[in-house]
Amino acid sequence: MEVGNRIREEREKLGLSQEDLAQRIFVSRQTVSNWETGKTYPDVQSLLLLSSLFEVSVDSLVKGDVEAMQEKIENYELDRFKVKASMGLALALLVVGAVMLAILSKQGQPPTSPFFVIAILMLVAGVCVSVVAERIQKRYDIDTIREVSAFLDGADPAEIERNRKMPKSARAALQALAGAAVAIVFMTVVYLIISVAMYL
């Protein structure tokens with residue numbers, strides 16, 4: 001994607017650091033860095049702020065990216081099933097593993113029993129599968145690319161914001177909760193491993 005190079009060029013023309021640019025358009029320095037390195041794509045609101053600050057059109061900022069965005073959307077459609085299947089599998093592994101651990105603990109099974117090991121492996125596999133699915137989604141940054149594509153096709157930015165499935169703040173909160181859940185699962189696994197080691 002060319003937009004990262006364009007942002008860097010325009011930023012340097014104005015003599016701004018990534019931190020300076022981030023403050024002017026109300027994002028973090030890391031966000032600007034991610035745009036410039038092509039890790040993520042700026043959303044519509046950020047593109048509008050950038051075009052105003054740089055005194056260039058949004059079209060000139062994203063020039064050369066339209067075909068790449070369309071290709072990314074098409075490729076994501078092929079991988080979307082993998083993402084959904086992976087998320088479903090991860091959830092099933094985490095739930096079944098946690099329920100198994102609860103039942104085995106209540107029955108007084110020792111942590112060295114084969115069923116305990118299977119339950120722990122299911123939890124670990126669930127976390128691994130969810131991380132893989134999350135990486136696929138981040139690689140595509142598909143929601144942002146679809147919104148930018150809609151904007152370039154003439155959609156109103158306010159309408160795009162209203163039609164968003166989940167506001168950014170809610171998405172951030174959900175990701176924080178998911179991170180906390182993964183941390184809890186990880187700590188449970190560590191606790192069980194330590195318990196097993198103590199029984200041996």
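A salt bridge here is a side-chain nitrogen of Lys or Arg within 4 Å of a carboxyl oxygen of Asp or Glu. With that in hand, welcome to the close-up views of this predicted model.

**View 1. K13 and E10 form a salt bridge in helix α1.** The closest N and O atoms of K13 and E10 are 3.4 Å apart. The two residues sit 3 places apart in α1, so about one helical turn separates them. K13 is exposed, with a relative accessible area of 65%, while E10 counts as buried at 7% relative accessibility.

**View 2. E10 also meets R6 in a salt bridge.** Here the N to O distance is 2.9 Å. Because E10 and R6 are 4 residues apart in helix α1, they too are separated by about one helical turn. R6 counts as buried, with a relative accessibility of 17%. Step back a little, and salt bridges with shared partners join R6, E9, E10 and K13 into one network. For the tally, the structure holds 4 salt bridges.

**View 3. A salt bridge between E36 and R11 links distant parts of the chain.** The closest N and O atoms of this pair are 2.7 Å apart. E36 belongs to helix α3 and R11 to helix α1, with their positions 25 residues apart in the numbering. Are the two partners buried or exposed? E36 is buried, with a relative accessible area of 9%, and R11 is buried with a relative accessible area of 9% as well. As a general reminder, side chains of opposite charge can pair when their charged atoms come close.

**View 4. Helix α3 packs its buried residues against α1, α2 and α4.** Look for V32, S33, N34, W35 and E36, which are the buried residues of α3. E36 will be familiar as the salt-bridge partner of R11. After α3 comes G38, with a positive phi near 80°.

**View 5. Helix α4 has buried residues on the same side.** The residues to find are V44, S46, L47, L50, S51 and F54. They lie on the same side of α4 because they cover an arc of only 155° around the axis. Just after the helix, E55 takes a positive phi of about 60°.

**View 6. The largest nonpolar core has 19 residues.** Which residues have the most contacts inside this core? They are I7, L21, Y41, L47 and L50. At least two core residues come from each of α1 (3–13), α2 (18–24), α3 (29–37), α4 (44–54), α5 (58–62) and α8 (142–152). The largest share, 4 residues, is supplied by α4.

**View 7. L47 has contacts with residues elsewhere in the sequence.** Leaving aside neighbours within four places in sequence, L47 is in contact with V3, Y41, P42, V58, L61, V62 and V148. L47 is one of the buried residues of α4, and Y41 is, like L47, among the residues with the most contacts inside the largest nonpolar core. Apart from this core lies another, of 13 residues, including A90, M100, L104 and V129.

Terms used
Residues numbered from 1 in each chain as written. Predicted model: local features only at pLDDT ≥ 70, side-chain atom pairs only at ≥ 80, totals over all residues. Heavy atoms only, no water. Core = buried A, V, L, I, M, F, W, Y, C linked by side-chain atoms within 4.5 Å. Buried < 20%, exposed > 50% of the residue type's maximum accessible area, 1.4 Å probe, protein only. Contact = heavy atoms within 4.5 Å. Arc of directions from axis to C-beta.
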